[in-house]
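User: I would like to learn how to read the helices and the surface of a model such as this one. Could we take the features one at a time?

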Amino acid sequence: MASSISHAPLFLFSGLYFVICYLSLATWAAMGTRVGAVLDTRKKMQRFNLVMGSLLGLCALYLLLTSLGA
């Protein structure tokens with residue numbers, strides 16, 4: 001039995017996802033290289049990690065509080 005289901009949306013989604021994913025990955029790698037050049041000392045790297053970890057924790061707390069309706 002022949003199926004009349006079109007796979008065009010799937011191919012479109014897959015193609016767009018592929019392009020967006022690899023552009024994002026390339027941007028992430030390029031920015032990581034640049035940030036690594038700026039964070040050339042252990043102290044700078046520790047501060048950066050502390051700030052990024054704090055921002056991540058605050059985002060998680062915000063999401064938790066908003067999901068609980070507080």
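Analyst: The expected span of a helix is 1.5 Å times one less than its number of residues. In this predicted model, H2 has 27 residues and covers 39 Å from its first C-alpha to its last, close to the 39 Å expected. Just after H2, Gly69 adopts a positive phi of about 80°.

User: How many helices and strands does the protein have, and what is its radius of gyration?

Analyst: The protein has 2 helices and 0 strands. Its radius of gyration is 21 Å, where a compact globule of 70 residues would have one near 11 Å, and along the principal axes its C-alpha trace spans about 65 × 40 × 15 Å.

User: What share of the residues is buried, and how should I read a single residue such as Leu58, buried or exposed?

Analyst: Buried means under 20% relative accessible area and exposed means over 50%. Buried residues make up 1% of the 70 residues here. Leu58, which lies in helix H2, counts as exposed because its relative accessibility is 54%.

User: Which residues make the nonpolar surface patch, and which helix gives the most to it?

Analyst: An α-helix has 3.6 residues a turn, so residues three or four places apart point the same way. The patch, of about 970 Å², is made by Val35, Met45, Phe48, Val51, Met52, Leu55, Leu58, Leu61, Leu64, Leu65 and Leu68, and helix H2, residues 42-68, gives the most to it, with 10 residues. For the protein as a whole, about 6,700 Å² is exposed, with carbon and sulfur atoms supplying 75% of it.

Conventions: Residues are numbered from 1 along each chain as its sequence is written. This is a predicted model: local features need pLDDT of at least 70, side-chain atom pairs count only at pLDDT 80 or more; totals for chains, interfaces and linings use all residues. Side-chain values use heavy atoms; hydrogens and water are left out. Helices (H or I, at least four residues) and strands (E, at least two) are DSSP runs, numbered from the N terminus. The radius of gyration is taken over C-alpha atoms; the globule rule is 2.2 Å times the number of residues to the power 0.38. Buried means under 20% relative accessible area, exposed over 50%, partly exposed in between (1.4 Å probe, protein chains only). Accessible areas come from the Shrake-Rupley method with a 1.4 Å probe; for residues, only the protein chains shown count as cover. Patches are made of residues with over 30% relative accessible area and no salt bridge: like charges are joined within 9 Å, nonpolar side chains (Val, Leu, Ile, Met, Phe, Trp, Tyr) within 5 Å. A salt bridge is a side-chain nitrogen of Lys or Arg within 4 Å of a carboxyl oxygen of Asp or Glu.
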